[in-house]
Amino acid sequence: MDGFCVFLPGRDGQEMKWRTKKARELFAYLFHLQGDSVSREALIELLWPESGMKSAIALFHTTLYSIRQAFIQEGLEELISYENKKYSLNMQLVDSDLAELNTYTHDLAACENNPEQVIALYPGSYMGNSGYLWSYGMAKELENQYLEVLRSGASKRTAQERPEAAIPFFQRMLEADPYNEEIVKQLIICLYKSGKQAEAKQQYDRMQKLYREDLELDFTGSFQEIVAGL
């Protein structure tokens, strides 16, 4: 989450260095498949679509060899499997923040009782700003799950009359959906009810500026109208 990074065991948190960008993307795609297998031809079409077949095959095997060698040095010879002319990643040898996030979001009790945990588990979008087109579908799916937990957490804290506790949820929702008027209004109300009137007004002014500069529109409703009933 928030970018694709690989950390090898016993390296004290040092990020793995890739020989080429294609090596990084090839391994990232195998991780993306989560253990599902893929043919050499599909990988070539994905990563080297403009190269001739002979050249693309050579590039693929050179890239795969460099990846395998890096992991063999760490005793991970079985990390990338080849069976029935297809490649896959042995997920039993991989720990990831994605797996931890998925475990959490599929646990209804965890989401309801500790919605704050999703903020720690979702520091940024899936694969970050890698530009990998194949990752966008998964990124959107995970973002929707993330926003659903945030909405639930914000709603629960608001119903409990705990506006200050709801603020972080609305703030994170706004980061993911920066032009959503309803989220902005709810955040302003929570700030105002928490005694942070000046911060609430600053939030309104920021959004008004953003709307005018980016959308060439005025934010619906004045600050006074938003907080009128409080």
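Helices are DSSP runs of H or I with at least four residues, numbered from the N terminus. By that definition, T105 belongs to helix 4. The model described here is predicted. This briefing covers its two largest pockets, the residue T105 and the pairing of three strands.

**The largest pocket**

- The largest pocket has a volume of about 510 Å³.
- Its lining consists of 23 residues, and those closest to the centre of the pocket are C5, V6, F7, V94 and D95.
- Helix 1, which spans residues 21-32, gives at least two residues to this lining, and helix 4, which spans 97-105, also gives at least two.
- Sorted by class, the lining of the largest pocket holds 18 nonpolar residues, two polar residues and three charged residues.

**The second largest pocket**

- The volume of the second largest pocket is about 150 Å³.
- The residues that line the second largest pocket are T105, H106, L108, C111, E112, Q145, E148, V149 and S152.
- Two or more lining residues come from each of helix 5 (108-113) and helix 7 (136-159).
- Helix 7 provides the largest share of this lining, with four residues.
- In terms of class, three lining residues of the second largest pocket are nonpolar, four are polar and two are charged.

**Residue T105**

- T105, a residue of helix 4, is also part of the lining of the second largest pocket.
- The relative accessible area of T105 is 18%, and T105 is therefore classed as buried, because that term applies under 20%.
- The side chain of T105 forms a polar contact of 3.5 Å with the side chain of Q145.
- When neighbours within four places in sequence are left aside, T105 is in contact with C111 and Q145.
- Both C111 and Q145 are listed, with T105, among the residues that line the second largest pocket.

**The paired strands**

- Strand 1 (residues 38-39) and strand 3 (residues 86-89) run antiparallel and are joined by two bridges.
- Within this pairing, V38 lies opposite Y87 of strand 3.
- Strand 3 also pairs with strand 2 (residues 80-83), again in the antiparallel sense, over four bridges.
- I80 has L89 in strand 3 as its bridge partner.
- Strand 2 and strand 3 form a hairpin with two residues between the strands, where N84 takes a positive phi near 55°.
- As a general point, the side chains of a regular strand alternate between the two faces of the sheet.

Notes. Residues are numbered from 1 along each chain as its sequence is written. This is a predicted model: local features need pLDDT of at least 70, side-chain atom pairs count only at pLDDT 80 or more; totals for chains, interfaces and linings use all residues. Side-chain values use heavy atoms; hydrogens and water are left out. On a 1 Å grid over the protein atoms alone, a cavity is a set of points where a 1.4 Å probe fits but cannot get out, and a pocket is an open set with protein on both sides within 12 Å along at least five of seven lines; lining residues have an atom within 4 Å of a point. Grid points are joined across faces, edges and corners, and a volume is the space filled by probe spheres set on the points. Ala, Val, Leu, Ile, Met, Phe, Trp, Tyr, Cys and Pro count as nonpolar, Asp, Glu, Lys and Arg as charged, and the others, Gly among them, as polar. Buried means under 20% relative accessible area, exposed over 50%, partly exposed in between (1.4 Å probe, protein chains only). A polar contact is a pair of N or O atoms within 3.5 Å; within protein, one must be able to donate a hydrogen and the other to accept it, and residues adjacent in sequence count only if both atoms are side-chain atoms. Contact means heavy atoms within 4.5 Å. Two strands pair if DSSP finds at least two bridges between them.
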